[in-house]
Amino acid sequence: MLPATFKLAAGISYRHMRNMTGLQKNAIVAIHHKLSSLSGPGPSSWISHVRRRSSLLSSRIEEEPACTEVDLAYVKQGQEALQKSISILSEQDGWQTEIITASGDKVLSKVLPDIGKVFKLEVVLEQHPDDLYNELVDNMEQMGDWNPNVKQVKILQKIGQDTMVTHEVSAETPGNVVGPRDFVSVRCAKRRGSTCFLAGMSTQHPGMPEQKGVVRAENGPTCIVMRPSAEDPDKTKFTWLLSIDLKGWIPKTIINRVLSQTQLDFANHLRQRMMVSGGLEAAALAC
């Protein structure tokens with residue numbers, strides 16, 4: 001929690017935060033330069049597309065209502081989570097296989113300096129990225145209805161079109177090997193052409209102090225990337241970068257197993273959710 005808290009506090013107190021236009025321009029320039037540096041000699045298509053479309057961010061922010069200094073600090077933190085996540089996902093070397101299912105779902109892991117072990121889920125889903133984005137972003141607070149690993153997701157605050165602060169409560173694992181955890185996160189949701197992003201990291205919010213009886217865990221940078229499958233543009237290549245500190249005295253072997261399985265379970269629950277919602281939509285159109 002301390003690194004995220006320090007960055008948020010520093011962003012609020014920094015004199016330049018008092019100049020909204022200056023902050024926005026600096027944020028855009030920083031992201032543009034970072035994405036440019038990620039491209040290398042052979043960038044993947046989605047990273048190149050993000051770089052080309054990054055100039056749109058400036059005009060979109062300028063259209064949004066005026067924000068307070070605290071709001072702008074959250075926006076900056078969300079953009080930082082997205083930037084770091086893209087940087088991690090752009091590095092293809094060093095990933096170790098944790099799980100591969102018979103259907104091709106895959107969980108990989110990698111140990112990074114200053115972050116620790118991160119996990120990456122790679123699956124193909126039958127739905128278009130826009131449909132998945134709508135479910136995971138627009139219907140975010142309904143996640144507890146279809147994902148048994150989540151008790152509740154609540155949006156504490158929305159800042160502009162792309163940023164929100166959320167509170168999530170996870171369910172205990174079978175046998176209560178890992179008890180309930182809660183998270184306060186800043187999230188950055190963006191569309192760049194045909195690619196959709198949902199990035200986040202831990203933060204603090206006055207509306208949700210630590211809760212008695214629940215361990216406050218930390219996450220981030222995390223990011224879900226959804227882009228059309230190369231084989232079928234109506235399907236989605238779904239990538240989920242997960243970096244999380246569950247806190248408490250839990251052996252690393254158990255943590256690794258729990259987090260890998262949680263990612264696979266999420267993919268399966270999301271598949272079921274989209275099949276059900278798709279069936280309901282078809283039934284409604286037929287009436």
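**Close-up 1. Glu218 sits in strand S9 of this predicted model.** Strand S9 covers residues 218-219. Glu218 has a relative accessible area of 18%. Buried means under 20%, so Glu218 counts as buried. The Glu218 side chain has a partner: a polar contact of 3.3 Å joins it to the side chain of Lys247. Ser243 is another residue to find in this view. Along the chain, Glu218 and Ser243 are 25 residues apart. Their C-alpha atoms are separated by 8.6 Å.

**Close-up 2. Trp146 and Phe266 form an aromatic pair.** A search of the whole structure finds three aromatic pairs. In the pair of Trp146 and Phe266, the ring centres are 5.8 Å apart and the planes meet at 50 degrees. The pair is therefore tilted, as planes from 30 to 60 degrees apart are neither stacked nor edge-to-face. This pair links distant parts of the chain, 120 residues apart. Trp146 belongs to helix H7 (residues 143-146). Phe266 belongs to helix H8 (residues 252-286). Are these two residues buried or exposed? Trp146 is buried, with a relative accessible area of 11%. Phe266 is buried too, with 5%.

**Close-up 3. Ring pairs build a cluster.** Which residues do the ring pairs link? They are Trp146, Phe238, Trp240 and Phe266. Look again for the tilted pair of Trp146 and Phe266 here.

**Close-up 4. Lys120 lies over the face of Trp95.** How far is Lys120 from the ring centre? The distance is 4.2 Å.

Note on methods
Residues are numbered from 1 along each chain as its sequence is written. This is a predicted model: local features need pLDDT of at least 70, side-chain atom pairs count only at pLDDT 80 or more; totals for chains, interfaces and linings use all residues. Side-chain values use heavy atoms; hydrogens and water are left out. Helices (H or I, at least four residues) and strands (E, at least two) are DSSP runs, numbered from the N terminus. Buried means under 20% relative accessible area, exposed over 50%, partly exposed in between (1.4 Å probe, protein chains only). A polar contact is a pair of N or O atoms within 3.5 Å; within protein, one must be able to donate a hydrogen and the other to accept it, and residues adjacent in sequence count only if both atoms are side-chain atoms. Rings of Phe, Tyr and Trp (its six-membered ring) pair if their centres lie within 6.5 Å; planes under 30 degrees apart count as stacked, over 60 as edge-to-face and the rest as tilted. A charge sits over a ring if NZ of Lys or CZ of Arg is within 6 Å of the ring centre and within 35 degrees of the ring normal.
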